[in-house]
Amino acid sequence: MRTTEIAVIGAGPAGIGAALAAARNGSNVVVIDENLAPGGHLRWTMARQTGFGPPLDGLRGDEIAFWAAGELRASGVEVLTSSVAWGLFDDSTVGVHTPDASFQLQAAHVIIATGATDLTWPFPGWELPGVLTATASLRMMHLDRVLPGQRVAVLGSGADADAVAADLAACGADLVHRQPGVDGVTVGGSGLVEWIEVDGARSGCDAVVLALGRQPDAQLAHQAQVASTYAADNGVFVVVRDESLASSVPNIFVAGDAAGVGSPARAFAEGSVAGEAASGGVGLSGALQRLREVEQHPESLPLMPRIADDTLVCRCEEVRAGALRAAIADGAVSINDLKRRTRSGMGICQGVYCHRTMSGMIAAEAGIAVDAILPMTARPPARLIPMAALADLEP
Amino acid sequence: MTTRHATNRIAVHPVLGENPRQEKVRVLCDGEPLQALAGESIATTLRAHGVSIYRAMPETGSSRGLFCGVGRCPDCMMTVDGVLNVRACVTPVRDGMVIETQRDLGAWKVRV
């Protein structure tokens, strides 16, 4: 068992804000992040940022990520990269797996800054190689300098979707189709994506990018059984927090997109608030003031499309919509029940890419209000870890 | 059946310019030697050579490729140096790496 004053989970804008604020106040801080370097989505964001305040405004996302890596180093923050926080247990103890070690980290305060994941919806052919998320596309282009395809369709609306479409075009891809959501879309090809068809009109393509929005990723907070409430603007249950971003469980804070999606600058400001509050800093009122000044730009999310019975819903366990509808007709009216009966949501992604379809289908088929359909029980591990991570766990 | 997409390396990035990764390494994918740049992900190397299919699923046999790009989903799991279920999207290439398309749940080839 290792100990620290503050454990920050995630080194995106919220985690960076939290860690730097806590370190300024003299706290001992450990940051755990699954990527190769700190920055989160900023690392593959080419747009110039606003709302961060000086000296960061006007810098590109990737430049802010580079700045943050230097600041964290200079502040004496221990940053564990390529490392996962896979469980959050009693007494604010975090299960950590790094490339070198596997251990429990007991922290006086845990700040969950795990960000958001891409929101997706099922449609015919979405499992074919060549259909990929906006994040996968951006990482491939901006971290590794490879285009996800040469003739690309982009599905989604809003600023994030516009950005990925613009980046694809700037990097040399031809945009063959663009529409706000997945309604009416069929993707096909023999073994991989070769075409996209919308209302009978077919275009040849070799990649289909899903830019349908983001969803909060707060699995660790839910493991800790924090109070949550349904948020219509996020389409999921989100963590209930007080003004200092503390959850209902003592010593557990949640900052940034993990508690509801917003701009990177807002996540950074939220991180600063949680970092100040967790470290008992004198800067809390200033951080709260900056958070109030950051504009929030909520974007409307696409609604669940019509889903045909033979369309795959759960990609991991290969469960189709028809099987889910049959189970709901048979009496499955909770996500946990639907999961047990069909295996949907039981796979490696832990339901990230199907839980919303599951709750949407229960609501539609069984006539239950979507805010009355509780999320599936969050259990460790929150990330894929080898069995050796548990076998080698330091006592 | 089509097995390859067109190749897609970005010669000069419109914002970031030249690729700082210049060290060339070689990997084997299903027996075929492929040139890669040290530090990039397996998925990137394969996509740069037009290889989009990384595995075949156990239930339906349907092919899968890069999907989430962040190590969350099972779609890009390949057998790498004999180890099953390696996520191609978040695993950097290493010189001499032996990469294989994974069928079903794969079969162990090494003791780890």
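## The second largest pocket

Helix α2(A) gives the most to the lining of the second largest pocket, with seven residues. Helices (H or I, at least four residues) and strands (E, at least two) are DSSP runs, numbered from the N terminus. This is a predicted model, in which local features need pLDDT of at least 70, side-chain atom pairs count only at pLDDT 80 or more, and totals for chains, interfaces and linings use all residues. Residues are numbered from 1 along each chain as its sequence is written, chains are lettered from A and ligands numbered from 1 in the order in which they are written, and side-chain values use heavy atoms, with hydrogens and water left out.

The second largest pocket holds about 450 Å³ of space. Its lining has 19 residues, and A37(A), R43(A), D62(A), F66(A) and L143(A) are the closest to its centre. By class, this lining divides into ten nonpolar, three polar and six charged residues. Ala, Val, Leu, Ile, Met, Phe, Trp, Tyr, Cys and Pro count as nonpolar; Asp, Glu, Lys and Arg are charged; the others, Gly among them, are polar.

Pockets and cavities are both found on a 1 Å grid over the protein atoms alone. A pocket is an open set of points with protein on both sides within 12 Å along at least five of seven lines. A cavity is a set of points where a 1.4 Å probe fits but cannot get out. Lining residues have an atom within 4 Å of a point. Grid points are joined across faces, edges and corners, and a volume is the space filled by probe spheres set on the points.

## Cavities

The structure holds five cavities of 30 Å³ or more. The largest has a volume of about 490 Å³. It is lined by 30 residues, with H222(A), V236(A), H355(A), P375(A) and M376(A) nearest its centre. Elements of chain A that give two or more residues to this lining are β15 (214–216), α5 (219–223), β17 (236–239), α9 (335–342) and α10 (355–366). Strand β17(A) gives the most, with four residues. The lining of the largest cavity has 16 nonpolar, eleven polar and three charged residues.

The second largest cavity contains about 90 Å³ of space. Chain A lines it with P129(A), G130(A), L132(A), M140(A), P148(A), D206(A) and A207(A). Chain B adds R47(B), S52(B), Y54(B) and L66(B). Seven of these lining residues are nonpolar, two are polar and two are charged.

## The interface of chain A and chain B

The contact (heavy atoms within 4.5 Å) takes 50 residues from chain A and 49 residues from chain B. The two chains bury about 4000 Å² between them, 57% of it on carbon and sulfur atoms. Buried area is the accessible area (1.4 Å probe) that two parts lose on being put together, summed over both. In chain B, I10(B), F67(B) and R72(B) lose the most area to chain A, together 22% of what that side buries.

Between the chains, 20 residue pairs are in polar contact, with both residues at pLDDT 80 or more. A polar contact is a pair of N or O atoms within 3.5 Å; within protein, one must be able to donate a hydrogen and the other to accept it, and residues adjacent in sequence count only if both atoms are side-chain atoms. On the side of chain B that touches chain A, α1 (42–48) and β4 (63–64) each supply at least two residues. Helix α1(B) has the largest share, four residues. That side divides into 21 nonpolar, 17 polar and eleven charged residues.

## Salt bridges

A salt bridge is a side-chain nitrogen of Lys or Arg within 4 Å of a carboxyl oxygen of Asp or Glu. Over all chains, the whole structure has 24 salt bridges. Three salt bridges join chain B and chain A. R315(A) and D75(B) meet in a salt bridge at 2.4 Å, N to O.

Within chain A, E63(A) and R48(A) form a salt bridge at 3.7 Å, N to O. E63(A) lies in helix α2 and R48(A) in the loop between β2 and α2, so the pair ties together parts that are 15 residues apart in sequence.

## Backbone points in chain A

The peptide bond from P54(A) to P55(A) is cis, with omega near 5°. P55(A) sits in the loop between β2 (29–32) and α2 (61–74) of chain A. Another cis peptide bond joins P380(A) and P381(A), with omega about 0°. P381(A) lies in the loop between α10 and α11 (387–391) of chain A.

Q350(A) is a residue other than glycine with a positive phi, near 60°. Its place is the loop between α9 and α10 of chain A.
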